[in-house]
Each structure stands twice: as C-alpha cells, then as structure tokens.
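Student: I am new to this structure and would like a close look at one part of it, namely the charged side chains and how they pair. Please take me through that part slowly, and then connect it to whatever else is worth seeing.

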Amino acid sequence: MGSYVIKRIVGLVPILFGISVLVFTILHLVPGDPASIMLGTNATPEAIAALRTRMGLDEPLITQYLSWLGGLVKGDFGVSVHTGEEILPQILKRFSITLQLTLFSVLIGWTIAIPLGILSAIRVHSKTDIVVRIATLLGISVPNFAVGTLLLLVLSLYFGWFPPIDVVSFWEDPGEALQVFLLPAVTMGIVIAAGVLRMTRSAFLETMEKDFIRTARAKGNSMWTVVFGHALRNSSIPIVTIAGMQIGYLLGGSVIVEQLFSIPGLGQYVLEGIYQRDYPVVQGGVLFVALVFVLVNLLIDIIYTWIDPRIKY
C-alpha cells in the first residue's frame with residue numbers, strides 16, 4: 001500500500017503539469033486584452049502598454065508559462081493583478097469555507113440517501129420504493145440553483161427568514177455557521193442524496209441476490225442483521241465511489257450555490273477572477289481544485305482496501 005500511494009503521488013506530477021498547460025493555453029486563447037478590460041475604454045495606449053508590461057503580457061506565451069510554472073514549483077501562486085494580494089493565502093482561506101460547505105452538504109445528503117436507499121432495496125416494488133424512486137428522479141432532474149432559489153423565495157416570502165450574509169466558521173460559532181450554511185448545504189445535499197440514493201439502491205439490490213445473503217437469512221438472522229452485518233459492507237464500494245466523485249466535484253463546482261447565497265468560497269473567487277480577467281487567480285484556483293480532486297480520488301482508492309481486504313494494489 002505504501003509503495004502504491006507513493007507511485008500515485010508521483011503520478012500527480014504529469015497530471016498537474018498537463019492541467020496547468022491546458023488552463024494556461026485556454027485562458028490566453030480567450031479574445032480580448034486583459035489590460036484594456038481592466039483600464040476601461042478611456043485608457044490611453046501608453047497606460048495599456050505599461051500595464052501589459054507590468055503583467056508580463058508583452059512577453060512570449062512560453063516565457064509567461066515558464067515564469068508561472070517556476071513560481072508554482074516554489075509554492076508561489078503569484079499575485080492577483082486586480083487586488084495585488086498573494087493568491088495562495090486567498091485560495092486557502094476561500095477553500096476552508098468551501099470545504100465546510102461541502103462537508104455539511106455531504107452529511108445532509110448521506111443522512112438522507114443511505115437509509116432510504118437501503119429501505120427502497122429491501123422493499124423493492126413496494127409503495128415506499130416507488131415514492132423513493134420518484135423523489136430520486138426529481139432530485140437528479142432539478143438543478144441545484146433552482147432548488148436554492150425556491151428555498152430562498154419560500155423562506156423569505158412566507159416565513160420572513162433571511163440567512164445571515166457574514167460567513168462564520170464552525171470552529172468560531174457553530175450556531176451562527178449553521179444558519180449561514182444550512183440553506184446552501186440543503187441545496188447541494190438534495191443533489192448529493194439523489195445520486196447516492198440511486199447507487200445505494202442499485203448496489204443493495206445486487207448484493208441481496210448473492211448466495212451468502214441467502215445463507216445468512218437461512219440461518220435465521222433478522223433482516224436488519226443481514227443488511228448491516230453482511231450486505232452493507234459488500235455494497236459499499238460503488239457507494240463510496242460515487243460519494244468520492246461528488247465530494248471532488250463539490251469542492252470545485254459549488255460556484256453557482258456560492259454565488260446564489262453570497263458565500264465567499266473558492267468557486268466564487270475563481271469566478272471573480274474570470275470576470276476580471278485576472279489570469280493568475282484563475283490559473284492558481286483551477287490548478288488547486290485539480291490537485292484536491294486527484295487527492296480525493298486517491299483517498300477513495302485507499303478506503304477500498306479497508307472496505308474489502310481482497311483488493312490489492
């Protein structure tokens with residue numbers, strides 16, 4: 001296992017290198033001059049040229065890329081062109097907010113999905129199963145921004161409740177943080193629950209047809225003993241797989257929910273960089289999200305061996 005983890009970590013280098021090349025190339029292929037956009041239409045050619053020189057945009061693309069890559073190797077993500085702040089501390093600060101939102105969303109989603117998925121598989125083709133499957137289909141079909149907008153409208157118009165705007169960490173004030181993150185977490189948790197519930201039901205239906213399940217039931221064990229003592233662990237790998245993918249996507253793709261609820265997370269930070277054509281912010285943010293996504297996948301692979309010791313790397 002140790003050698004496998006080391007190989008995977010070493011394998012991150014070419015992956016991240018490829019992502020850095022892709023992100024850098026795409027950003028510089030976008031039409032428009034960042035210096036002109038930042039200074040506005042009334043800027044003089046001299047001012048635009050001076051800003052391009054300060055940003056290094058007058059140099060060849062390969063020189064710009066190598067300069068940026070050299071800073072990354074040293075742990076320097078650069079400085080925001082728009083604010084003049086160092087990018088890495090801002091990324092870490094915003095990522096901590098996105099991480100809290102993601103974990104809260106996952107907790108809500110799994111709490112709903114796994115029990116209902118098990119119940120739906122045990123009572124297959126019953127009324128309960130039909131209701132759960134319809135709810136799952138709705139959860140997958142309705143986009144999260146529509147769910148969030150609906151929650152905001154209902155709670156504000158009919159109940160007069162507005163979530164706080166100032167974000168507080170769970171470590172500082174759990175009660176205030178719960179009010180801030182509750183609605184966006186429920187918004188993303190519904191989408192998470194739909195995917196995990198569907199996979200849980202499918203995995204349990206397959207496992208419950210295995211011979212060892214029939215043997216366990218033939219020995220006189222209760223249904224819940226069979227489910228939690230035998231079926232749950234043997235059904236966990238596909239559930240853990242989709243859950244891990246969802247965590248990775250949420251850490252980098254919660255930008256719509258963060259924008260909707262005015263949460264200053266990593267997604268909103270990168271989106272602001274895109275609006276302002278702040279190349280260093282976008283490049284650093286996307287590369288950081290890619291790194292987190294790959295590390296989450298590595299963690300999922302390691303969890304596989306704990307779930308099923310027969311898996312060897």
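Tutor: Asp129 counts as buried, because its relative accessibility is 0%, where buried means under 20% relative accessible area, exposed over 50%, and partly exposed in between, with a 1.4 Å probe and protein chains only. Its partner Arg133 has a relative accessibility of 41% and therefore counts as partly exposed. Before going on, please keep in mind that this is a predicted model, in which local features need pLDDT of at least 70 and side-chain atom pairs count only at pLDDT 80 or more, while totals for chains, interfaces and linings use all residues. Residues are numbered from 1 along each chain as its sequence is written, and side-chain values use heavy atoms, with hydrogens and water left out.

Arg133 and Asp129 form a salt bridge whose closest N and O atoms are 3.5 Å apart; the term stands for a side-chain nitrogen of Lys or Arg within 4 Å of a carboxyl oxygen of Asp or Glu. Side chains of opposite charge can pair when their charged atoms come close. Both residues belong to helix 6 (residues 127-141), where they are four residues apart, about one turn of the helix; helices (H or I, at least four residues) and strands (E, at least two) are DSSP runs, numbered from the N terminus. The pair also takes part in a wider arrangement, since a network of salt bridges links Asp129, Arg133 and Arg201.

The structure holds five salt bridges, and Arg214 is a good place to look for others. With Asp211, the side chain of Arg214 meets in a salt bridge of 2.8 Å, N to O, and these two residues both lie in helix 9 (residues 211-218), three residues apart, about one turn of the helix. With Glu209, Arg214 forms a salt bridge in which the closest N and O atoms are 3.6 Å apart. Arg214 is partly exposed, with a relative accessible area of 45%, whereas Asp211 counts as exposed at 57% relative accessibility, and Glu209 is exposed as well, at 53%.

Turning from charges to rings, the structure holds six aromatic pairs. One of them joins Trp224 and Phe228, and it is stacked, with 6.0 Å centre to centre and 25° between the planes; rings of Phe, Tyr and Trp (its six-membered ring) pair if their centres lie within 6.5 Å, and planes under 30 degrees apart count as stacked, over 60 as edge-to-face and the rest as tilted. Trp224 and Phe228 share helix 10 (residues 223-234), where they are four residues apart, about one turn of the helix, and Trp224 is partly exposed, with a relative accessible area of 46%. Elsewhere, Phe17, Phe24, Tyr65 and Trp68 form one aromatic cluster.

Finally, the backbone deserves a glance in the loops. His125, in the loop between helix 5 (87-122) and helix 6, has a phi near 70°, a positive value in a residue other than glycine, and His125 is exposed, with a relative accessible area of 64%. Ser262, in the loop between helix 12 (255-260) and helix 13 (266-275), has a positive phi of about 55° although it is not a glycine, and Ser262 is partly exposed at 41%.
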